[in-house]
Amino acid sequence: MVKSMQFNFTALPKKGYRSVVQEEQGVVPRYDDAAGYGFVERTCAQPPREVHIEQIVPVQEGCVILEERFADRNESTEKDFNHYGMCFRVKAEPGAYRIQVRTTSGLGDTMIAISGMHADGLLNADYWDAARLVPNRTRVFQDERLWSYDYVNGREFIDVEIEPRRLGCPVGIAELVLTPIPVYPRPESKLPALFTLGDSTVKSYIFMEAPMSGWGQVFDDLFDPRQVRVINYAMGGRSFKSAYTEGRFNDILLTGNAGDVVLIQFGHNDESRDENHRFGRGATEEMYRTYIREVYIPAIRSRQMIPMLVTPMSRVDGNAAPGHVYADSFRERQFPKIMRELAEQLNVPLIDLNRESVRYYNEIGVEGTTAVFMSIEAGETPGKTNDGSLANGHPARKIDGTHFKESLSKSFARIVAMCLARLAEQGQPDAARVASWLKPEVQAAIRNQDWSAVYPEMAVGAMTGRGAYYRNQIEKLVQLGVMKLDERSCFHPEALMKFGEFRHALSRLLDLAPDVLGRDVQAEGTLSRETMGCMLLDAFEAKFGAKVLPAYMTDYNGEAVPPDQPDYDAHLAPDERGIMYYPLVSFEQLQDTDEIDPALYDRVRKAYMLGLLRSEKDIERGRVWNGRELEPKAGVTREKAAKSLYYMWVLSQPINIENDLSRLKTKSAHWVG
């Protein structure tokens, strides 16, 4: 039978409980390693948090503290505050425990946290992902004065922190019970799991955020679903610290079974300069070491799960000129180097995505690299970031060198798979087991160094140089089967698009009858911009009819989410007004509308006002900018057609489902219509 550790803080002895305050002493004990329990002056948080041991008073009901002042902080109280209070430490080896705290005060007045975790953060998470596919299965239980949480410990002790929510309100602890939770063996009927945990570069994105993608979003497509479940716990803005404090990491360990694998990549948000904030994201190099060595790896192993580390890919300079040679962006805080060193010391399999990313950037060159990061121009996507709509260009007014599109997330997923196979060849048993779960065609691609069977949408000439500019759109349209490559796998991005080919692609893309598109347009041969605009409007009206406009045009067309709203995320909070969806230049301000065919004028005008057709003249990635010339008679190239089709594809999707083609196929009966 598993034996609990039970502590009584009241004046009356309780059978089976260890009395913390001895009657003859009348004072609270300081932590003593030999005794294995006691109060401490500083918590084990990173950085350590000061608490008040001298102000703890033993009374009949338990150990109580009253704070007459809180820490005077200049920063946001959301991330950096200290209400002091008390911290009771218990010697406990790495492993899972059910921690039950009975307080002397009401839980409405009391904050309770375990070993530096975020008390209120543990109460708020229903799901760990944007699409709400990964539920939080490890919840805080509260009932009057009883607080309970299941926690996986990686250290040699556990801290129980008690703080008041308001000044002058006495709070305290009456009882504490720590009950070990056994390791969960995997039932024979249950597939093993591969958990991925990381930041925005690993996250699974919803359509609202298109075209942004993380490699964890497409990683599952490389694995045989008959052998393994791949579950992505990654989320934007997270670091080793924040993924721990909010309970995200803890939930993986209590959801998984013995033998499951946890693949972790952190480093980008760990670079944040808020490392001294209580719930900031940043870390010094020593904090980074501590989280890996003392928190993550021993906790994973205590559950008989398998840890694997992934070094964070390098960021890139979005303004790099052709010929630039990329190098590792982690120059000041050398987190990839630290992760390599600790992986070797702790005998943890390491996938060095950092080094491989730099190699890949230099392989495809500046134009190829810039194209697949979040370099956004007007008319590329109706999606949204925290700063506002992307429809008129990236609202941050820059080429984002951290986040990327699906065409790069697929490349990173491919690199991670190849690194796993390489470790397997070198005799690493855990990597060999994971590599054995890859689909047969993926294993063949790794052996033969030919990925054309896995990614047939990758077009020759569209990965480097000028031809890579619309790589992401080209690959998606080919993947969807609405545009084609020739027999040599070439796309011919600068060739002119045919009217009939565009109508066929648009009808197939949106599941519309071809004869509803371009009915009033007499056109043969090359597609012009004005005829394309008419067809886009036809498709829009046929798809949405008299329904409410897509949310891209309405719900996400004003202020970004403010702090007092339920969907606000402190890790990703914007500080300025959102950028609008609709064209920044009105139709009346365009300089060449007199060139539009009079028979098409009203429809072209409406398509423009809806944002379906935008000026392509003088627009530039990294700027929020609309041109002033519509060029209605100009021919449309295949790459510009792909750009427009991709825009319409995103616009037609529900905003809150995961932007993953395989998931879209399996869930189409549920989501469409």
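For a chain of 673 residues, a compact globule would be expected to show a radius of gyration near 26 Å, and the value of 28 Å found here agrees with that. The model is a predicted one, and a few overall figures help to introduce it. Along the principal axes, the C-alpha atoms fill a box of roughly 100 × 55 × 45 Å. The chain holds 16 helices and 22 strands. Of its 673 residues, 60% are buried. Among contacts with a separation of 6 or more, 77% join residues that stand 24 or more positions apart.

The surface and the charges can be described in the same general way. About 27700 Å² of the chain is accessible, and carbon and sulfur atoms account for 48% of this area. The side chains include 81 positive and 95 negative ones, with the centres of the two sets 3 Å apart.

Helix α11 offers a good place to look at burial in detail. This helix spans residues 471-479, and eight of its nine residues are buried, so α11 is largely enclosed by the rest of the structure. The buried residues are R471, N472, Q473, I474, E475, K476, L477 and V478. After the helix comes G481, which has a positive phi, near 80°.

Aromatic rings provide another view of the interior. A pair of aromatic rings is described by the distance of the centres and the angle of the planes. The count for this chain comes to 31 aromatic pairs. In one of them, the ring centres of F7 and Y37 lie 5.5 Å apart with the planes at 55°, so this pair is tilted. F7 belongs to strand β1 (residues 5-8) and Y37 to strand β3 (residues 37-39), so the pair ties together parts that are 30 residues apart in sequence. Both F7 and Y37 are buried.

A further pair brings two helices into the picture. The rings of Y244 and Y291 have centres 6.1 Å apart and planes at 55°, so this pair is tilted. Because Y244 sits in helix α3 (residues 240-245) and Y291 in helix α5 (residues 285-302), the pair ties together parts that are 47 residues apart in sequence. Y244 has a relative accessibility of 4% and therefore counts as buried; Y291, at 3%, counts as buried. Elsewhere in the list of aromatic residues, F240, F249, F266, Y288, Y296 and F335 form one cluster.

Two loop residues complete this description. L191 is found in the loop between β12 (171-181) and β13 (193-198). Its relative accessible area is 29%, so L191 is partly exposed. Apart from neighbours within four places in sequence, L191 is in contact with R186, P225, R226, Q227, V228 and R229. L191 and N257 are separated by 66 residues in sequence, while their C-alpha atoms are 9.9 Å apart in space.

H324 lies in the loop between β17 (306-310) and α6 (335-346). With a relative accessible area of 34%, H324 is partly exposed, as that value falls between the limits of 20% for buried and 50% for exposed residues. When neighbours within four places in sequence are left aside, the contacts of H324 are with N362 and V366. From H324 to E367 there are 43 residues in sequence, and the C-alpha to C-alpha distance is 10.0 Å.

Definitions and conventions: Residues are numbered from 1 along each chain as its sequence is written. This is a predicted model: local features need pLDDT of at least 70, side-chain atom pairs count only at pLDDT 80 or more; totals for chains, interfaces and linings use all residues. Side-chain values use heavy atoms; hydrogens and water are left out. Buried means under 20% relative accessible area, exposed over 50%, partly exposed in between (1.4 Å probe, protein chains only). Helices (H or I, at least four residues) and strands (E, at least two) are DSSP runs, numbered from the N terminus. Contact means heavy atoms within 4.5 Å. The radius of gyration is taken over C-alpha atoms; the globule rule is 2.2 Å times the number of residues to the power 0.38. Accessible areas come from the Shrake-Rupley method with a 1.4 Å probe; for residues, only the protein chains shown count as cover. Lys and Arg count as positive and Asp and Glu as negative; His and the chain ends are not counted. The place of a charge is taken as NZ of Lys, CZ of Arg, CG of Asp or CD of Glu. Rings of Phe, Tyr and Trp (its six-membered ring) pair if their centres lie within 6.5 Å; planes under 30 degrees apart count as stacked, over 60 as edge-to-face and the rest as tilted.
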